[in-house]
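Reader: I have a protein chain to look at and would like to go through it by question and answer. Where do we begin?

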Amino acid sequence: FKDSILGFVAGVQLTTNDMLRIGDWVEMPKYNADGIVTEITLNTVKVLNANKTKVTIPAYALVSDSFINWRGVHEVGARHIKRAIHIDSNTIGFCTDEMIEKFRKIKFLSDYMDQKLEEIQEFNANVENSSLLVNGRHLTNVGTFRIYLENYIKNHPGIRKDMTIMVRQLAPDEKGLPLQIYAYSTTSVWVDFEKAQADIFDHIYAVAGEFGLRIFQAPSGYDLRTSIGENEKEAM
């Protein structure tokens with residue numbers, strides 16, 4: 001009667017604590033479960049996976065082990081975007097006058113640039129030899145890029161405006177400087193969420209070069225061949 005007793009106790013706990021309902025999407029890698037709960041019995045919980053396979057999980061396993069219930073995503077009506085891109089640290093630097101003039105013409109940066117430049121000018125007025133980059137305050141391309149991304153995401157139709165929107169720096173590593181996009185989509189529908197997320201990152205990868213930045217990518221065979229070819233041309 002061990003399984004029946006454990007299953008009964010687990011069923012009471014799952015129901016009392018509202019941990020699981022029929023129709024919930026659950027994820028439990030230990031049992032290869034990643035789908036919709038179709039049946040809850042005294043001893044087992046049946047899950048229909050996304051690939052249409054069926055998994056039967058002991059009810060007590062859902063209490064003794066951990067699992068993910070995606071019900072909250074559908075109740076809120078939003079999905080979480082939390083993905084980082086890695087900026088090649090060799091491309092990070094101070095903004096030149098040409099870059100500043102260019103950035104002032106960008107839709108999502110014009111107001112920020114005017115306000116920031118005025119703030120920097122007031123600060124540097126009291127700094128000796130502020131024209132030197134090591135003195136005073138100066139704009140950087142990566143900092144300006146971060147503000148641009150934040151404003152771009154805030155104005156994206158696929159992003160919730162009433163939830164947290166942030167572009168933040170993470171600790172640098174061997175891949176460069178990670179910039180993490182942190183936001184919530186306007187839909188919990190998986191396909192629509194992926195479309196919105198892909199649209200945002202398509203733009204990020206394409207626009208980084210406008211700020212003099214390069215997205216980090218591990219050297220491939222093409223990169224090595226190109227480097228060797230350039231060296232051979234220089235030698236000739």
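Author: We begin with a term: a residue is buried under 20% relative accessible area, exposed over 50%, and partly exposed in between. Note also that this is a predicted model.

Reader: Is E210 buried, exposed or partly exposed?
Author: The relative accessible area of E210 is 43%. Because partly exposed covers the range between under 20% and over 50%, E210 counts as partly exposed.

Reader: Which residue meets E210 in a salt bridge?
Author: The partner sits in helix α4 (residues 97-103), while E210 is in the loop between α7 (190-207) and α8 (221-235). The two are 108 residues apart, and the pair links distant parts of the chain. At 37% relative accessibility the partner is partly exposed. Nitrogen and oxygen are 2.9 Å apart, and the residue is K102.

Reader: How many residues apart in sequence are the parts that K30 and D65 tie together?
Author: K30 and D65 form a salt bridge, with 3.1 Å between the closest N and O atoms. K30 lies in the loop between β1 (25-28) and β2 (33-40), and D65 in the loop between α2 (61-64) and β5 (68-69), so the parts tied together are apart in sequence by 35 residues.

Reader: Which of K30 and D65 is exposed, and which is partly exposed?
Author: D65 has a relative accessible area of 25%, which makes D65 partly exposed. The relative accessible area of the other residue is 60%, and exposed is the word for K30.

Reader: Which residues are joined with R104 into one network of salt bridges?
Author: R104, in the loop between α4 and α5, pairs with D114, which lies in helix α5 (residues 110-124). Their closest N and O atoms are 3.0 Å apart. Salt bridges that share partners join R104 into one network with E101 and D114.

Reader: How many salt bridges does the structure hold?
Author: Side chains of opposite charge can pair when their charged atoms come close. The protein chain has 26 positive and 31 negative charges, with mean positions 7 Å apart. The number of salt bridges in the structure is 11.

Reader: What is the radius of gyration of the protein chain?
Author: The C-alpha atoms fill a box of roughly 80 × 50 × 30 Å along the principal axes. A compact globule of 236 residues would have a radius of gyration near 18 Å. For this protein chain the value is 26 Å.

Note on methods:
Residues numbered from 1 in each chain as written. Predicted model: local features only at pLDDT ≥ 70, side-chain atom pairs only at ≥ 80, totals over all residues. Heavy atoms only, no water. Rg over C-alpha atoms; globule rule 2.2 N^0.38 Å. Lys, Arg positive; Asp, Glu negative; His and termini not counted. Charge placed at Lys NZ, Arg CZ, Asp CG, Glu CD. Salt bridge = Lys/Arg side-chain N within 4 Å of Asp/Glu carboxyl O. Helix = DSSP H or I, 4+ residues; strand = E, 2+ residues; numbered from the N terminus. Buried < 20%, exposed > 50% of the residue type's maximum accessible area, 1.4 Å probe, protein only.
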